[in-house]
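Trainee: I am new to this structure and would like a close look at a single part. Could you walk me through the place where the ligand sits, and then the spaces inside the protein?

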Amino acid sequence: MAEYKPVIIQTNSETEFADKAAQLLWEQLVELDEPLVTLPTGSTPAGLYQVLLERYGDQSNIWEQIRYLALDEYIGLPEDDRRLFQNWLARDILDPAGVPARRRITFNSMADNPAQEADAMEDWIAENGPIDIAVLGLGGNGHIAFNEPGCSFDSAARVITLAPETRQANAAYWGGLEHVPEQAYTLGLKTLARAKQILLLVSGAHKADILDRTLNGPISQDVPASFLRTMPNVTVIMDDAAKK
Ligand code: PGA
């Protein structure tokens with residue numbers, strides 16, 4: 001397996017982190033025609049979305065041609081549930097920026113047959129992809145999207161059972177573990193590996209250990225994000241706090 005060194009952009013504050021991430025992402029977006037882009041949920045990208053809106057929110061000609069692709073999604077929640085990642089991103093960026101509803105490619109949380117829904121997503125990407133820019137967050141357990149430790153590097157979009165530590169981390173968003181679904185959809189590692197560009201966002205001291213394992217530890221299923229080192233086109237944007 002060939003190994004590559006991701007480009008690392010280190011920033012010295014939360015503000016600079018959001019600023020650099022927004023600048024880098026925007027520079028790439030404006031170069032592309034109908035870019036297919038994934039955007040993460042979580043606390044890490046909140047500043048990025050704010051800066052994007054403040055700085056480029058009026059560039060409707062760009063936003064209107066972006067194709068937003070879901071990275072992951074909870075299973076079993078109704079379409080107006082605020083916990084749905086598609087609704088979270090709608091609130092934080094897609095609605096205020098004006099990304100048209102028809103250009104949002106999402107998982108149906110209430111699908112009768114979730115496995116089939118995941119397969120249909122993989123088929124859609126095969127037909128309409130590849131992903132131009134995969135913007136990713138890093139889970140405290142090393143997941144990217146919801147590819148949890150132990151998952152295959154060869155994985156496609158699929159249904160997964162959330163790891164206990166992921167449910168625990170997500171409990172902070174929704175006021176308790178009982179509000180966090182047990183199952184979710186995720187794009188696979190193989191799906192993400194075909195992206196033309198990958199931007200991994202990592203901020204905060206609580207991510208320092210896992211980022212160090214991602215960048216310097218063995219490339220292993222124990223840390224799914226370490227798989228990014230098998231790809232030639234990865235940029236990591238981090239803040240000082242995330243440095244070990
Ligand atoms: P966080 O989530 O940004 O809230 O830390 C990251 C993730 O689980 O991908």
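**The ligand and the spaces around it**

Mentor: Let us start with one contact: a polar side-chain atom of threonine 44 lies 2.5 Å from an oxygen atom of the ligand. A polar contact here is a pair of N or O atoms within 3.5 Å; within protein, one must be able to donate a hydrogen and the other to accept it, and residues adjacent in sequence count only if both atoms are side-chain atoms. Lysine 207 also brings a polar side-chain atom, 2.6 Å from an oxygen atom of the ligand. Serine 43 uses its backbone instead, with an N or O atom 2.9 Å from a ligand oxygen. Taken alone, the ligand exposes 280 Å², and the protein buries 84% of that (accessible areas come from the Shrake-Rupley method with a 1.4 Å probe; for residues, only the protein chains shown count as cover).

Before going on, please keep in mind that this is a predicted model, where local features need pLDDT of at least 70 and side-chain atom pairs count only at pLDDT 80 or more, while totals for chains, interfaces and linings use all residues. Residues are numbered from 1 along each chain as its sequence is written, and side-chain values use heavy atoms, with hydrogens and water left out.

The shell around the ligand consists of Gly42, Ser43, Thr44, Gly137, Leu138, Gly139, His143, Tyr173 and Lys207, each with a heavy atom within 4 Å of it. By class, this shell has 2 nonpolar, 6 polar and 1 charged residues (Ala, Val, Leu, Ile, Met, Phe, Trp, Tyr, Cys and Pro count as nonpolar, Asp, Glu, Lys and Arg as charged, and the others, Gly among them, as polar).

Now widen the view. The ligand takes up the space of the largest pocket; a molecule sits in a pocket or cavity if more than half of its atoms lie within 2 Å of its grid points. On a 1 Å grid over the protein atoms alone, a cavity is a set of points where a 1.4 Å probe fits but cannot get out, and a pocket is an open set with protein on both sides within 12 Å along at least five of seven lines; lining residues have an atom within 4 Å of a point. The volume of the largest pocket is about 470 Å³, counted as the space filled by probe spheres set on the points, which are joined across faces, edges and corners. Of the 27 residues lining this pocket, Leu138, Gly139, His143, Tyr173 and Lys207 are the closest to its centre. Two or more lining residues come from each of β6 (133-137) and α6 (164-174), and α6 gives the most, with 5 residues. Helices (H or I, at least four residues) and strands (E, at least two) are DSSP runs, numbered from the N terminus. The pocket lining divides into 12 nonpolar, 12 polar and 3 charged residues.

Finally, the closed spaces: there are 3 cavities of 30 Å³ or more. The largest cavity holds about 80 Å³ of space, and its lining includes Leu25, Trp63, Tyr68 and Val99. Both α1 (14-29) and α4 (85-97) give two or more residues to that lining, which has 11 nonpolar, no polar and no charged residues. The second largest cavity has a volume of about 40 Å³, and among the residues that line it are Pro6, Thr214, Ser226 and Arg229.
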